[in-house]
Amino acid sequence: MKVLEIDYDKYIYPDGISTPEAFGAYLLAHSGRFIEMRYFSGDNCVAPYYIEGETGSKFINPAMVSVFRECEVTVLSRGEYDRRLADLEKNRCVHCAKYKMNGCECGDNIRDNLCLDGKCWHFAADVDGAEYFFEKTIDNRLLLMV
Ligand SMILES: [Zn+2]
């Protein structure tokens with residue numbers, strides 16, 4: 001689903017609003033008062049995958065929003081997220097170049113370390129000897145570093 005990213009949090013569009021343009025107009029129309037918005041918690045998941053119902057709410061001052069963007073996230077039920085994570089565990093990290101050497105260092109906490117795309121923080125692609133790895137960003141994504 002499409003969400004709004006503001007200060008690294010992923011917010012659900014307010015009721016009746018479904019485009020960045022309409023949200024911009026909404027902010028302008030509400031300048032001078034705080035608006036309450038719901039966001040997806042990143043506590044038990046790795047972006048861009050989130051868990052249905054694991055949301056919080058924050059009051060936003062429209063005047064303080066200098067930049068926002070729309071982005072795509074995948075929202076799964078807790079059961080579905082856990083099932084996919086458990087499925088991944090069987091083959092976790094085996095496609096990583098580092099895994100062939102010494103196994104992976106991502107440890108037992110796969111909920112925080114393993115994205116549902118199958119790549120953990122330490123993922124390294126086996127391409128011409130170059131090393132790639134991921135770091136977890138402030139907004140809970142795994143960012144590919146070279
Ligand atoms: Zn790993």
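Okay, let's start at Pro48, which sits in the loop between β3 and β4. The peptide bond joining Ala47 and Pro48 is cis, with omega at about 5°. Keep in mind that this is a predicted model, so that omega is a computed value like everything else I'll show. As a reminder, most peptide bonds are trans, and most residues other than glycine have a negative phi. We'll come back to phi in a minute.

So how far do we trust the prediction? The protein chain averages a pLDDT of 87, and 90% of the residues score at least 70. Which elements have the lowest and the highest mean pLDDT? The low end is strand β8, residues 133–136, with a mean of 69, and the high end is strand β7, residues 74–76, with 98. So please be a bit careful with β8, given that mean of 69.

Now the overall layout. The chain comes to 4 helices and 9 strands. From the N terminus on, you read the elements as β-β-α-β-β-β-β-β-α-α-α-β-β. Of the 146 residues, 22% are buried. And if you take the contacts between residues at least 6 apart in sequence, 51% of them join residues at least 24 apart.

Let's go to the N terminus and look at β1, residues 2–6. On one pairing, β1 runs antiparallel to β6, residues 69–72, and 4 bridges join them. Lys2 stands opposite Glu72 in β6, if you want a pair to find on screen. β1 also pairs with β2, residues 9–11, again in the antiparallel sense, over 3 bridges. There, Leu4 stands opposite Tyr11 in β2.

β1 and β2 make a hairpin with 2 residues between them. Asp7, in the turn, has a positive phi of about 50°. Tyr8 is in that loop between β1 and β2 as well, and its phi is near 75°, again positive in a residue that isn't glycine. Is Tyr8 buried or exposed? Neither, really: Tyr8 counts as partly exposed, because it has 13 other C-beta atoms within 10 Å, and the exposed class stops at 12.

Right after that comes Asp9, which is in strand β2. Asp9 is partly exposed too, with 18 other C-beta atoms within 10 Å. Asp9 and Ser41 are 32 residues apart in sequence, yet their C-alpha atoms are 8.3 Å apart in space.

Moving on to helix α2, residues 78–91. I like this one as a sanity check. At 1.5 Å a residue, its 14 residues should span 20 Å, and the end C-alpha atoms are 21 Å apart, so the two agree.

What happens to phi just after α2? Cys93 takes a positive value there, about 70°, and Cys93 is not a glycine. Cys93 lies in the loop between α2 and α3, residues 97–102. Unlike what we saw for Tyr8, Cys93 counts as buried, because it has 22 C-beta neighbours inside 10 Å and the cut-off is 20.

That takes us to the core. In general, nonpolar side chains in soluble globular proteins tend to be buried together. Here the largest nonpolar core has 26 residues, and the ones with the most contacts inside it are Val46, Leu114 and Cys120. β1, β3 (35–40), β4 (49–51) and α2 each supply at least two residues of this core, and β1 gives the most, with 3 residues. Where does the core sit relative to the domains? Domain 1, residues 2–76, and domain 2, residues 90–145, both give residues to it, so the core lies between them.

Take Cys120, one of those three well-connected residues. Leaving out residues up to four places away in sequence, Cys120 touches Arg92, Cys93, Cys104, Cys106, Asn113 and Leu114. So there's our positive-phi Cys93 again, in that contact list.

Last stop, Asp117. It's in the loop between α4, residues 110–113, and β8. Asp117 is exposed, because it has 12 other C-beta atoms within 10 Å, and 12 or fewer is the cut-off. In sequence, Asp117 and Leu88 are 29 residues apart, and C-alpha to C-alpha they are 8.7 Å apart in space.

That's my tour, happy to take questions.

Definitions and conventions. Residues are numbered from 1 along each chain as its sequence is written. This is a predicted model: local features need pLDDT of at least 70, side-chain atom pairs count only at pLDDT 80 or more; totals for chains, interfaces and linings use all residues. pLDDT is the predictor's confidence in each residue, from 0 to 100. The expected span of a helix is 1.5 Å times one less than its number of residues. Two strands pair if DSSP finds at least two bridges between them. A nonpolar core is a set of buried Ala, Val, Leu, Ile, Met, Phe, Trp, Tyr and Cys residues joined through C-beta atoms within 7 Å. Domain bounds come from an automatic or database domain assignment. Two residues are in contact if their C-beta atoms, placed from the backbone, lie within 7 Å.
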